[in-house]
Amino acid sequence: MKKHKPIILFCPASVLDVINQNVNKNIEFYVYIIHYILKKPANDKRYKDFIPIDKEKINSLFNCLSDRYVKFLEKYELIESDKKYIPKKKALYYRINPKHKSNLVLFELQPDKILFKGIINSIKNQKSNFSKLEPHLYKMAKEFMKIDYDLKNALNWLNTIPDEDKKPYYSISINLFYDKRFRYFKRNPTNNRLDSNLTNLKKEFRQFIKGNYVSIDLKNSQPFLLSILIQKITDILQYFYLKNIEINNKTIDEILNNKHLPLCLKLDLQTLIKHFDLKALKLLLLIRKKYNLFYFTNLSLFKNWVVSGTFYDKFIQKFDGNLSRDEAKQIMFEVLFSQNKTYKNHKLIIPYKSEKKIFADVFPVIFEIVEALKEKQHNKLAIYLQKLESNLFIDKIAKELVEKEIIPFTVHDSIIIPVELRNKALNIIKTSFKKELGIIPSFHIENLKK
(Lines give C-alpha, C1' and ligand atoms only; values in the text may rest on other atoms or scores of the structure.)
Protein backbone atom coordinates (compact mmCIF):
# COMPACT_ATOMS: atom_id res chain seq x y z
CA MET A 1 0.00 0.00 0.00
CA LYS A 2 1.34 3.40 -1.01
CA LYS A 3 2.31 5.57 1.94
CA HIS A 4 1.40 9.22 1.52
CA LYS A 5 3.71 11.90 2.86
CA PRO A 6 2.10 14.74 4.85
CA ILE A 7 0.88 17.88 3.10
CA ILE A 8 2.67 21.01 4.28
CA LEU A 9 0.49 23.96 5.25
CA PHE A 10 1.91 27.39 6.05
CA CYS A 11 0.88 29.54 8.98
CA PRO A 12 2.41 32.51 10.82
CA ALA A 13 3.82 31.32 14.16
CA SER A 14 1.77 33.77 16.23
CA VAL A 15 -1.45 32.71 14.48
CA LEU A 16 -0.76 29.04 15.14
CA ASP A 17 -0.13 29.86 18.81
CA VAL A 18 -3.56 31.46 19.14
CA ILE A 19 -5.26 28.55 17.36
CA ASN A 20 -3.52 25.98 19.57
CA GLN A 21 -4.50 27.88 22.73
CA ASN A 22 -8.19 28.07 21.83
CA VAL A 23 -8.98 25.02 19.70
CA ASN A 24 -9.19 21.38 20.77
CA LYS A 25 -10.08 19.60 17.54
CA ASN A 26 -9.95 20.10 13.76
CA ILE A 27 -7.00 22.46 14.16
CA GLU A 28 -6.07 21.71 10.56
CA PHE A 29 -9.29 23.40 9.31
CA TYR A 30 -8.31 26.73 10.87
CA VAL A 31 -4.73 26.39 9.65
CA TYR A 32 -5.88 25.54 6.13
CA ILE A 33 -7.90 28.76 5.82
CA ILE A 34 -4.82 30.74 6.86
CA HIS A 35 -2.73 28.71 4.39
CA TYR A 36 -5.31 29.38 1.66
CA ILE A 37 -5.18 33.14 2.21
CA LEU A 38 -1.37 33.09 2.15
CA LYS A 39 -1.18 30.80 -0.89
CA LYS A 40 -3.55 32.75 -3.13
CA PRO A 41 -1.14 35.64 -3.92
CA ALA A 42 1.67 33.11 -4.44
CA ASN A 43 -0.40 31.44 -7.18
CA ASP A 44 -2.23 34.45 -8.57
CA LYS A 45 -0.48 37.78 -9.06
CA ARG A 46 -3.77 39.68 -9.24
CA TYR A 47 -4.08 39.47 -5.47
CA LYS A 48 -1.65 41.43 -3.32
CA ASP A 49 -3.69 42.28 -0.22
CA PHE A 50 -7.29 41.15 0.40
CA ILE A 51 -8.28 37.98 -1.42
CA PRO A 52 -11.56 36.13 -2.06
CA ILE A 53 -12.18 32.83 -0.29
CA ASP A 54 -13.86 30.13 -2.34
CA LYS A 55 -16.03 28.83 0.50
CA GLU A 56 -17.78 26.31 -1.71
CA LYS A 57 -14.45 24.67 -2.52
CA ILE A 58 -13.31 24.77 1.11
CA ASN A 59 -16.65 23.31 2.26
CA SER A 60 -16.10 20.34 -0.06
CA LEU A 61 -12.58 19.82 1.35
CA PHE A 62 -13.79 20.03 4.95
CA ASN A 63 -16.92 18.01 4.25
CA CYS A 64 -18.74 20.60 6.35
CA LEU A 65 -19.47 24.34 6.35
CA SER A 66 -16.40 26.54 6.77
CA ASP A 67 -18.16 29.69 8.04
CA ARG A 68 -17.62 28.84 11.74
CA TYR A 69 -13.85 28.55 11.18
CA VAL A 70 -13.70 31.86 9.31
CA LYS A 71 -15.71 33.57 12.07
CA PHE A 72 -13.36 32.18 14.72
CA LEU A 73 -10.33 33.58 12.86
CA GLU A 74 -12.07 36.95 12.63
CA LYS A 75 -13.13 36.89 16.28
CA TYR A 76 -9.54 36.42 17.45
CA GLU A 77 -8.36 39.04 14.94
CA LEU A 78 -6.18 36.56 13.07
CA ILE A 79 -7.74 37.61 9.76
CA GLU A 80 -9.68 40.68 8.72
CA SER A 81 -12.12 41.41 5.91
CA ASP A 82 -12.29 44.36 3.54
CA LYS A 83 -15.88 44.99 4.74
CA LYS A 84 -16.96 45.45 1.10
CA TYR A 85 -19.82 43.03 0.68
CA ILE A 86 -22.23 43.60 -2.24
CA PRO A 87 -25.15 41.12 -2.37
CA LYS A 88 -24.96 38.84 -5.45
CA LYS A 89 -21.97 40.83 -6.76
CA LYS A 90 -19.04 40.68 -4.38
CA ALA A 91 -18.25 38.56 -1.35
CA LEU A 92 -16.04 39.69 1.50
CA TYR A 93 -12.31 39.50 0.82
CA TYR A 94 -9.85 38.58 3.57
CA ARG A 95 -6.22 38.98 4.54
CA ILE A 96 -4.00 37.92 7.43
CA ASN A 97 -4.06 40.57 10.14
CA PRO A 98 -0.83 42.58 9.51
CA LYS A 99 0.12 42.35 13.21
CA HIS A 100 0.46 38.58 12.76
CA LYS A 101 2.94 38.73 9.89
CA SER A 102 5.52 36.77 11.85
CA ASN A 103 7.78 34.01 10.58
CA LEU A 104 5.95 31.20 8.82
CA VAL A 105 5.95 27.78 10.41
CA LEU A 106 5.21 24.49 8.69
CA PHE A 107 2.13 22.55 9.74
CA GLU A 108 2.08 18.89 8.70
CA LEU A 109 -1.35 17.70 7.59
CA GLN A 110 -1.35 13.95 8.16
CA PRO A 111 -2.82 11.41 5.69
CA ASP A 112 -5.45 10.16 8.16
CA LYS A 113 -7.25 13.51 8.23
CA ILE A 114 -10.46 14.23 6.25
CA LEU A 115 -8.88 17.43 4.92
CA PHE A 116 -5.88 15.51 3.57
CA LYS A 117 -8.14 13.16 1.61
CA GLY A 118 -10.20 16.10 0.33
CA ILE A 119 -7.11 17.92 -0.97
CA ILE A 120 -5.70 14.79 -2.66
CA ASN A 121 -9.03 14.05 -4.37
CA SER A 122 -9.26 17.67 -5.53
CA ILE A 123 -5.75 17.44 -7.03
CA LYS A 124 -6.63 14.20 -8.84
CA ASN A 125 -9.74 15.82 -10.33
CA GLN A 126 -7.72 18.80 -11.57
CA LYS A 127 -5.04 16.63 -13.17
CA SER A 128 -7.64 14.43 -14.85
CA ASN A 129 -8.33 17.49 -17.04
CA PHE A 130 -4.88 17.12 -18.62
CA SER A 131 -6.34 14.54 -20.98
CA LYS A 132 -8.62 17.26 -22.40
CA LEU A 133 -5.65 19.40 -23.44
CA GLU A 134 -4.48 19.65 -27.03
CA PRO A 135 -1.91 16.93 -27.86
CA HIS A 136 1.14 19.24 -27.68
CA LEU A 137 -0.04 20.76 -24.39
CA TYR A 138 -0.67 17.32 -22.93
CA LYS A 139 2.95 16.35 -23.67
CA MET A 140 4.15 19.63 -22.15
CA ALA A 141 2.04 19.03 -19.02
CA LYS A 142 3.45 15.53 -18.52
CA GLU A 143 7.02 16.83 -18.89
CA PHE A 144 6.30 19.74 -16.56
CA MET A 145 5.19 17.33 -13.83
CA LYS A 146 8.57 15.56 -14.02
CA ILE A 147 10.70 18.63 -13.21
CA ASP A 148 12.91 18.09 -10.16
CA TYR A 149 13.65 21.07 -7.96
CA ASP A 150 16.49 21.84 -5.54
CA LEU A 151 14.42 23.04 -2.60
CA LYS A 152 17.32 23.17 -0.13
CA ASN A 153 19.40 25.63 -2.15
CA ALA A 154 16.31 27.62 -3.12
CA LEU A 155 15.50 28.13 0.57
CA ASN A 156 19.12 29.04 1.30
CA TRP A 157 18.97 31.66 -1.43
CA LEU A 158 15.62 32.90 -0.08
CA ASN A 159 17.33 33.72 3.21
CA THR A 160 19.58 36.22 1.39
CA ILE A 161 16.62 38.28 0.12
CA PRO A 162 16.26 41.55 2.07
CA ASP A 163 12.54 42.03 1.35
CA GLU A 164 11.00 40.47 4.47
CA ASP A 165 7.41 41.18 3.41
CA LYS A 166 7.70 39.06 0.27
CA LYS A 167 9.64 36.18 1.78
CA PRO A 168 6.52 34.29 2.94
CA TYR A 169 5.03 34.32 -0.57
CA TYR A 170 8.31 33.23 -2.16
CA SER A 171 8.63 30.46 0.42
CA ILE A 172 5.15 29.17 -0.36
CA SER A 173 5.62 29.33 -4.15
CA ILE A 174 8.90 27.38 -4.13
CA ASN A 175 7.52 24.76 -1.74
CA LEU A 176 4.41 24.30 -3.89
CA PHE A 177 6.63 23.97 -6.96
CA TYR A 178 8.84 21.42 -5.21
CA ASP A 179 5.89 19.22 -4.16
CA LYS A 180 4.80 17.77 -7.51
CA ARG A 181 1.36 17.02 -6.10
CA PHE A 182 0.63 20.75 -6.19
CA ARG A 183 1.79 21.46 -9.72
CA TYR A 184 -0.90 23.01 -11.91
CA PHE A 185 -0.93 23.55 -15.66
CA LYS A 186 -3.89 25.24 -17.34
CA ARG A 187 -4.97 27.78 -19.93
CA ASN A 188 -6.31 31.06 -18.59
CA PRO A 189 -9.83 31.57 -20.02
CA THR A 190 -9.43 35.37 -20.08
CA ASN A 191 -6.17 35.80 -21.98
CA ASN A 192 -5.40 32.21 -23.15
CA ARG A 193 -2.04 32.29 -21.38
CA LEU A 194 -0.65 29.03 -20.05
CA ASP A 195 -0.52 29.38 -16.27
CA SER A 196 1.52 27.08 -14.05
CA ASN A 197 3.60 27.12 -10.87
CA LEU A 198 6.53 28.03 -13.13
CA THR A 199 4.91 31.18 -14.51
CA ASN A 200 4.30 32.34 -10.91
CA LEU A 201 7.79 31.43 -9.72
CA LYS A 202 10.00 34.49 -9.27
CA LYS A 203 12.63 34.49 -12.02
CA GLU A 204 15.55 34.18 -9.60
CA PHE A 205 14.18 30.87 -8.31
CA ARG A 206 14.20 29.19 -11.73
CA GLN A 207 17.93 28.57 -11.38
CA PHE A 208 17.18 25.80 -8.89
CA ILE A 209 15.39 23.65 -11.46
CA LYS A 210 17.54 20.54 -11.69
CA GLY A 211 19.16 19.98 -15.08
CA ASN A 212 20.83 22.27 -17.59
CA TYR A 213 18.34 24.61 -19.26
CA VAL A 214 18.39 27.85 -21.23
CA SER A 215 15.71 30.48 -21.46
CA ILE A 216 14.94 32.13 -24.83
CA ASP A 217 13.08 35.39 -24.19
CA LEU A 218 11.53 37.80 -26.66
CA LYS A 219 13.26 41.15 -26.15
CA ASN A 220 11.06 44.11 -25.16
CA SER A 221 8.06 41.84 -25.63
CA GLN A 222 5.22 44.23 -24.69
CA PRO A 223 6.38 47.02 -27.03
CA PHE A 224 6.97 44.40 -29.75
CA LEU A 225 3.47 42.93 -29.40
CA LEU A 226 2.03 46.45 -29.38
CA SER A 227 3.81 47.16 -32.68
CA ILE A 228 2.17 44.07 -34.20
CA LEU A 229 -1.26 45.27 -33.09
CA ILE A 230 -0.65 48.78 -34.39
CA GLN A 231 0.49 47.41 -37.75
CA LYS A 232 -2.84 45.56 -38.07
CA ILE A 233 -4.66 48.77 -37.15
CA THR A 234 -2.59 50.81 -39.60
CA ASP A 235 -3.40 48.51 -42.53
CA ILE A 236 -7.12 48.93 -41.81
CA LEU A 237 -6.96 52.70 -41.28
CA GLN A 238 -4.84 53.21 -44.38
CA TYR A 239 -7.42 51.39 -46.49
CA PHE A 240 -10.23 53.53 -45.06
CA TYR A 241 -8.14 56.68 -45.54
CA LEU A 242 -7.22 55.98 -49.16
CA LYS A 243 -10.76 54.87 -50.07
CA ASN A 244 -12.20 57.88 -48.22
CA ILE A 245 -14.55 55.62 -46.28
CA GLU A 246 -16.50 57.40 -43.55
CA ILE A 247 -17.73 55.35 -40.59
CA ASN A 248 -19.29 57.94 -38.28
CA ASN A 249 -22.91 57.10 -39.11
CA LYS A 250 -22.44 53.46 -40.04
CA THR A 251 -23.20 50.34 -38.06
CA ILE A 252 -20.68 47.57 -37.51
CA ASP A 253 -22.46 45.36 -40.08
CA GLU A 254 -22.40 48.12 -42.69
CA ILE A 255 -18.65 48.59 -42.19
CA LEU A 256 -17.85 44.88 -42.27
CA ASN A 257 -20.08 44.19 -45.28
CA ASN A 258 -18.19 46.61 -47.51
CA LYS A 259 -17.71 44.35 -50.55
CA HIS A 260 -14.42 46.03 -51.47
CA LEU A 261 -12.81 45.34 -48.10
CA PRO A 262 -10.04 42.71 -48.55
CA LEU A 263 -10.68 39.49 -46.60
CA CYS A 264 -7.48 39.73 -44.51
CA LEU A 265 -8.39 43.27 -43.40
CA LYS A 266 -11.98 42.23 -42.76
CA LEU A 267 -10.88 39.49 -40.35
CA ASP A 268 -8.56 41.85 -38.46
CA LEU A 269 -11.29 44.51 -38.41
CA GLN A 270 -13.81 42.04 -36.95
CA THR A 271 -11.36 41.14 -34.18
CA LEU A 272 -10.54 44.78 -33.51
CA ILE A 273 -14.18 45.90 -33.24
CA LYS A 274 -15.18 42.85 -31.21
CA HIS A 275 -12.43 43.43 -28.68
CA PHE A 276 -12.20 47.25 -28.50
CA ASP A 277 -15.62 48.30 -29.92
CA LEU A 278 -16.57 50.68 -32.75
CA LYS A 279 -15.84 53.86 -30.79
CA ALA A 280 -12.15 52.92 -30.62
CA LEU A 281 -12.05 52.47 -34.40
CA LYS A 282 -13.53 55.95 -34.91
CA LEU A 283 -10.94 57.49 -32.56
CA LEU A 284 -8.14 55.65 -34.36
CA LEU A 285 -9.29 56.93 -37.75
CA LEU A 286 -9.28 60.51 -36.41
CA ILE A 287 -5.70 60.00 -35.18
CA ARG A 288 -4.68 58.70 -38.61
CA LYS A 289 -6.12 61.79 -40.33
CA LYS A 290 -4.71 64.17 -37.72
CA TYR A 291 -1.08 63.14 -38.15
CA ASN A 292 -1.03 62.24 -41.85
CA LEU A 293 2.56 61.42 -42.91
CA PHE A 294 4.00 61.82 -39.39
CA TYR A 295 1.80 58.89 -38.41
CA PHE A 296 4.03 56.56 -40.43
CA THR A 297 7.29 58.19 -39.34
CA ASN A 298 6.47 57.70 -35.67
CA LEU A 299 5.25 54.13 -36.24
CA SER A 300 8.36 53.26 -38.28
CA LEU A 301 10.67 54.53 -35.54
CA PHE A 302 8.78 52.55 -32.88
CA LYS A 303 8.80 49.39 -34.99
CA ASN A 304 12.54 49.64 -35.76
CA TRP A 305 13.36 49.94 -32.07
CA VAL A 306 11.25 46.97 -30.97
CA VAL A 307 12.24 44.60 -33.80
CA SER A 308 15.93 45.28 -33.21
CA GLY A 309 15.45 44.61 -29.49
CA THR A 310 16.88 48.03 -28.57
CA PHE A 311 13.66 49.75 -27.53
CA TYR A 312 14.56 50.45 -23.91
CA ASP A 313 18.16 51.40 -24.71
CA LYS A 314 17.13 53.95 -27.33
CA PHE A 315 14.28 55.24 -25.20
CA ILE A 316 16.76 55.93 -22.40
CA GLN A 317 19.09 57.73 -24.86
CA LYS A 318 16.27 60.14 -25.69
CA PHE A 319 16.54 61.35 -22.10
CA ASP A 320 20.34 61.63 -22.02
CA GLY A 321 20.63 58.39 -20.10
CA ASN A 322 18.82 59.86 -17.08
CA LEU A 323 16.41 56.94 -16.96
CA SER A 324 17.38 53.50 -15.74
CA ARG A 325 16.28 50.45 -17.70
CA ASP A 326 13.85 49.50 -14.95
CA GLU A 327 12.38 53.01 -15.00
CA ALA A 328 11.95 52.83 -18.78
CA LYS A 329 10.16 49.47 -18.44
CA GLN A 330 7.94 50.86 -15.70
CA ILE A 331 6.98 53.84 -17.86
CA MET A 332 6.02 51.49 -20.69
CA PHE A 333 3.99 49.35 -18.31
CA GLU A 334 2.13 52.39 -16.96
CA VAL A 335 1.44 53.80 -20.44
CA LEU A 336 0.07 50.50 -21.71
CA PHE A 337 -1.93 49.26 -18.78
CA SER A 338 -3.08 52.12 -16.54
CA GLN A 339 -6.40 53.94 -16.83
CA ASN A 340 -6.50 57.01 -19.10
CA LYS A 341 -8.28 58.95 -16.38
CA THR A 342 -10.20 58.44 -13.18
CA TYR A 343 -12.08 60.51 -10.64
CA LYS A 344 -11.36 60.95 -6.96
CA ASN A 345 -13.59 63.15 -4.80
CA HIS A 346 -15.22 64.42 -8.03
CA LYS A 347 -11.82 65.54 -9.31
CA LEU A 348 -10.38 64.34 -12.62
CA ILE A 349 -7.06 62.53 -12.20
CA ILE A 350 -4.72 61.22 -14.90
CA PRO A 351 -2.82 58.26 -13.42
CA TYR A 352 0.96 58.40 -14.03
CA LYS A 353 0.59 61.71 -15.84
CA SER A 354 4.30 62.60 -15.82
CA GLU A 355 5.33 59.12 -17.01
CA LYS A 356 2.82 59.27 -19.84
CA LYS A 357 4.17 62.66 -20.89
CA ILE A 358 7.68 61.20 -21.12
CA PHE A 359 6.46 58.49 -23.49
CA ALA A 360 4.25 60.89 -25.50
CA ASP A 361 7.21 63.23 -26.05
CA VAL A 362 8.97 60.46 -28.00
CA PHE A 363 6.00 58.65 -29.54
CA PRO A 364 3.01 61.03 -29.71
CA VAL A 365 1.15 58.96 -32.32
CA ILE A 366 1.69 55.65 -30.52
CA PHE A 367 0.59 57.28 -27.27
CA GLU A 368 -2.70 58.51 -28.77
CA ILE A 369 -3.39 55.09 -30.30
CA VAL A 370 -2.82 53.43 -26.93
CA GLU A 371 -5.15 55.92 -25.22
CA ALA A 372 -7.84 55.29 -27.86
CA LEU A 373 -7.61 51.51 -27.33
CA LYS A 374 -8.02 51.99 -23.56
CA GLU A 375 -10.77 54.59 -23.81
CA LYS A 376 -13.72 52.37 -22.93
CA GLN A 377 -12.05 49.75 -20.72
CA HIS A 378 -8.38 50.13 -19.91
CA ASN A 379 -7.58 46.43 -19.40
CA LYS A 380 -8.74 45.52 -22.91
CA LEU A 381 -5.35 46.39 -24.38
CA ALA A 382 -3.45 44.22 -21.89
CA ILE A 383 -5.77 41.27 -22.57
CA TYR A 384 -5.41 41.64 -26.35
CA LEU A 385 -1.60 41.71 -26.14
CA GLN A 386 -1.62 38.66 -23.84
CA LYS A 387 -3.86 36.79 -26.30
CA LEU A 388 -1.53 37.70 -29.14
CA GLU A 389 1.45 36.51 -27.08
CA SER A 390 -0.21 33.21 -26.11
CA ASN A 391 -1.23 32.53 -29.70
CA LEU A 392 2.38 32.97 -30.84
CA PHE A 393 4.17 31.19 -28.01
CA ILE A 394 1.69 28.46 -27.03
CA ASP A 395 -0.39 27.70 -30.12
CA LYS A 396 2.33 28.20 -32.73
CA ILE A 397 5.89 28.02 -31.35
CA ALA A 398 5.36 25.46 -28.55
CA LYS A 399 3.31 23.28 -30.89
CA GLU A 400 6.04 23.38 -33.54
CA LEU A 401 8.72 22.57 -30.97
CA VAL A 402 6.78 19.57 -29.65
CA GLU A 403 6.27 18.28 -33.18
CA LYS A 404 10.06 18.44 -33.59
CA GLU A 405 10.42 16.44 -30.34
CA ILE A 406 11.51 19.42 -28.21
CA ILE A 407 9.24 19.63 -25.15
CA PRO A 408 9.49 23.20 -23.82
CA PHE A 409 8.50 24.84 -20.57
CA THR A 410 6.93 28.25 -21.16
CA VAL A 411 6.77 31.42 -19.09
CA HIS A 412 4.49 33.64 -21.19
CA ASP A 413 6.96 35.27 -23.64
CA SER A 414 9.89 32.94 -23.02
CA ILE A 415 10.73 29.34 -23.86
CA ILE A 416 12.81 27.14 -21.55
CA ILE A 417 14.52 24.13 -23.14
CA PRO A 418 17.52 21.84 -22.47
CA VAL A 419 20.75 23.64 -23.29
CA GLU A 420 21.79 21.07 -25.92
CA LEU A 421 18.65 21.87 -27.96
CA ARG A 422 19.23 25.61 -27.91
CA ASN A 423 20.22 26.16 -31.56
CA LYS A 424 17.58 23.82 -32.97
CA ALA A 425 14.87 25.45 -30.86
CA LEU A 426 15.98 28.98 -31.75
CA ASN A 427 15.79 28.21 -35.47
CA ILE A 428 12.24 26.86 -35.03
CA ILE A 429 11.22 29.95 -33.04
CA LYS A 430 12.62 32.34 -35.67
CA THR A 431 10.93 30.40 -38.47
CA SER A 432 7.60 30.57 -36.63
CA PHE A 433 7.85 34.37 -36.23
CA LYS A 434 8.76 34.77 -39.89
CA LYS A 435 5.83 32.61 -40.95
CA GLU A 436 3.26 34.23 -38.64
CA LEU A 437 4.35 37.88 -38.67
CA GLY A 438 6.78 38.23 -41.57
CA ILE A 439 9.57 39.46 -39.27
CA ILE A 440 12.15 37.98 -36.94
CA PRO A 441 12.51 39.89 -33.66
CA SER A 442 15.45 39.83 -31.27
CA PHE A 443 15.85 37.37 -28.41
CA HIS A 444 17.71 37.25 -25.13
CA ILE A 445 19.23 33.86 -24.30
CA GLU A 446 20.64 32.88 -20.93
CA ASN A 447 21.35 29.79 -18.83
CA LEU A 448 18.97 29.28 -15.92
CA LYS A 449 21.92 28.34 -13.71
CA LYS A 450 23.60 31.44 -12.30
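**Entry 1: H136 and its surroundings**

I began with H136, which I located in helix α6, spanning residues 135–144. This is a predicted model, and I read every entry below with that in mind. I looked up the accessibility of H136 and found 5% in relative terms, so I noted the residue as buried, the cut-off being under 20%. Setting aside the neighbours within four places in sequence, I listed I394, D395, A398, K399 and V402 as the residues in contact with H136. One of these, I394, also offers a polar partner, since its backbone oxygen lies 3.0 Å from a polar atom of the H136 side chain.

**Entry 2: α11 against α18**

I then turned to helix α18, residues 379–403, and to its packing with helix α11, residues 263–276. I recorded an angle of about 140° and a distance of 10 Å between the axes, which means that α11 is oblique to α18. On the α11 side I found T271, H275 and F276, and these meet K380, L381, I383 and Y384 of α18. Sorted by class, this contact has four nonpolar residues, two polar ones and one charged one.

**Entry 3: two positive phi values**

Most residues other than glycine have a negative phi, and I therefore took note of any exceptions. D277 is one of them, with a phi near 80°, and I placed D277 in the loop between α11 and α12, the latter covering 278–291. The relative accessibility of D277 is 17%, and I counted this residue as buried.

N220 is another non-glycine residue with a positive phi, here near 30°. I found N220 in the loop that runs between β8 (213–218) and α9 (221–242), and with a relative accessible area of 8% I entered N220 as buried too.

**Entry 4: β12 and its partners**

From the loop after β8 I went on to the pairing of β8 itself, which joins β12 in the antiparallel sense over five bridges. Within that pairing I looked up Y213 and found P418 of β12 as its bridge partner. Strand β12, residues 414–418, has five of its five residues buried, so I describe β12 as largely enclosed by the rest of the structure.

β12 also pairs with strand β11, residues 409–410, again in the antiparallel sense but over two bridges. In this pairing T410 stands opposite I415 of β12. I noted that β11 and β12 form a hairpin with three residues between them, and that H412, in the turn, has a positive phi of about 60°.

**Entry 5: the sheet of β2, β4 and β3**

Next I followed an open sheet of three strands, which I wrote down in the order β2-β4-β3 with antiparallel pairing. I marked β2 (51–52) and β3 (79–81) as the edge strands, as each of them pairs on one side only. For the pairing of β2 with strand β4, residues 93–96, I found two bridges, and I recorded Y93 in β4 as the bridge partner of P52.

**Entry 6: burial of α17**

Last, I checked helix α17, residues 364–373, and found eight of its 10 residues buried, so α17 is largely enclosed by the rest of the structure. The buried residues I listed are V365, I366, F367, I369, V370, E371, A372 and L373.

Technical notes
Residues are numbered from 1 along each chain as its sequence is written. This is a predicted model: local features need pLDDT of at least 70, side-chain atom pairs count only at pLDDT 80 or more; totals for chains, interfaces and linings use all residues. Side-chain values use heavy atoms; hydrogens and water are left out. Axes are lines fitted to C-alpha atoms, for helices over the stretch in contact, and angles run from 0 to 180 degrees between N-to-C directions. Helices (H or I, at least four residues) and strands (E, at least two) are DSSP runs, numbered from the N terminus. Angles under 35 degrees count as roughly parallel, over 145 as roughly antiparallel, 65 to 115 as roughly perpendicular and the rest as oblique. Contact means heavy atoms within 4.5 Å. Ala, Val, Leu, Ile, Met, Phe, Trp, Tyr, Cys and Pro count as nonpolar, Asp, Glu, Lys and Arg as charged, and the others, Gly among them, as polar. Buried means under 20% relative accessible area, exposed over 50%, partly exposed in between (1.4 Å probe, protein chains only). Two strands pair if DSSP finds at least two bridges between them. A polar contact is a pair of N or O atoms within 3.5 Å; within protein, one must be able to donate a hydrogen and the other to accept it, and residues adjacent in sequence count only if both atoms are side-chain atoms.
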